[in-house]
Amino acid sequence: MIHFHQKFSHNNRVELLSRLFHDGISSLNIEEKEIRFLDIGCGDMSISKSLAVKIKDCHYTCIDIYPNRNNWVNYQQFDGNTIPFGDKTYDIAIFSDVLHHDFSNIESLLTEARRVAKYIIIKDHFEYGFFSRKVLQIADFIGNYGYGVSIPNRYLSQDYYKDLIDKLGLLELNRTWPINLYPNSLIAGVIIKKEFQFISILSTENHT
């Protein structure tokens, strides 16, 4: 499963998403000479590594719940709830297809991200009912099951997402939606519709 996903999807997805993250970060016009970003739920760190090459002047940290068995530089294990850094340590916190895997902690994770970063960039999925949910679950199975990542029972809806960021006092500055993650695959592009994918840029200033 891992070999299949790496060969036919993973590398192209990493390149596309890192470009989209880079475009989002560039739009913020951050004035610091060195941009500091935190990748929360980073997986194999491939998106952050690709993004760091594009930004050039940056410092990045990747955190996830798994031990650092590969001696990764810039990686730190955390408990999945409390982010082990001080207030506004980072310019940007990134969640790339992470939040839908942990609905029970989604508010606490975003609250922690708001605490440690000036901006939050979220890449995730929108569902629109039974069919879209099943398609996304199948895609998650192919992309994540081989790595031991749980398959979610549901995904974000647009209404839920709006209510969530309003509740947490986050301001959406920009949304890239829909996104075609599979431009080179006619079959995947038809089944996994571009309306299922979004990137949202949030300001963490208190807007409540």
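Me: Is C62 buried or exposed, and what is its relative accessible area?
Reply: This is a predicted model, in which local features need pLDDT of at least 70, side-chain atom pairs count only at pLDDT 80 or more, and totals for chains, interfaces and linings use all residues. Residues are numbered from 1 along each chain as its sequence is written, and side-chain values use heavy atoms, leaving out hydrogens and water. Buried means under 20% relative accessible area, exposed over 50%, partly exposed in between (1.4 Å probe, protein chains only). C62 is buried, with a relative accessible area of 0%.

Me: How many disulfides are there in the whole structure?
Reply: A disulfide is a covalent bond between the sulfur atoms of two cysteines. Here the test is a pair of cysteine sulfur atoms within 2.5 Å. A search of the whole structure gives a count of zero.

Me: How far from C42 is the nearest cysteine sulfur?
Reply: C42 counts as buried, at 9% relative accessibility. It is in no disulfide. Its nearest cysteine sulfur belongs to C62, at 4.4 Å.

Me: What is the strand order of the seven-stranded open sheet?
Reply: Strands (E, at least two residues) and helices (H or I, at least four) are DSSP runs, numbered from the N terminus. Two strands pair if DSSP finds at least two bridges between them. The pairing in this sheet is mixed. The order is β3-β2-β1-β4-β5-β7-β6.

Me: Which are its edge strands?
Reply: An edge strand here pairs on one side only. Two strands do so: β3 (75–77) and β6 (171–176).

Me: By what angle are neighbouring strands of this sheet turned against each other on average?
Reply: Axes are lines fitted to C-alpha atoms, for helices over the stretch in contact, and angles run from 0 to 180 degrees between N-to-C directions. For this average, direction is ignored. The value is 20°.

Me: What is the bridge partner of L38 in β2?
Reply: β1 (35–40) and β2 (58–64) pair in the parallel sense, over six bridges. In β2, L38 has as its partner T61.

Me: Which strands does helix α3 touch?
Reply: Helix α3 (106–116) packs on the sheet. Contact means heavy atoms within 4.5 Å. The direction of α3 makes about 145° with that of β5. The strands touched are β1, β4 (90–96) and β5 (117–125).

Me: What is the bridge partner of I92 in β5?
Reply: β4 and β5 pair in the parallel sense over six bridges. β5 is mostly covered, with seven of its nine residues buried. In β5, I92 bridges to Y119.

Me: What arc do the buried residues of α5 cover?
Reply: The buried residues of α5 (158–167) are Y161, L164 and I165. They lie on the same side of α5 because their arc around the axis is small enough to put them there: only 90°.

Me: Which exposed residues does the face of α5 turned away from its buried side carry?
Reply: The buried residues of α5 pack against α3, β5, β6 and β7 (197–203). The face turned away carries D159, D163 and K167.

Me: What is the angle between the ring planes of F103 and Y160?
Reply: Rings of Phe, Tyr and Trp (its six-membered ring) pair if their centres lie within 6.5 Å; planes under 30 degrees apart count as stacked, over 60 as edge-to-face and the rest as tilted. The structure holds eight aromatic pairs. F103 and Y160 form a tilted one, 5.7 Å centre to centre, with a plane angle of 55°.

Methods:
Arc of directions from axis to C-beta.
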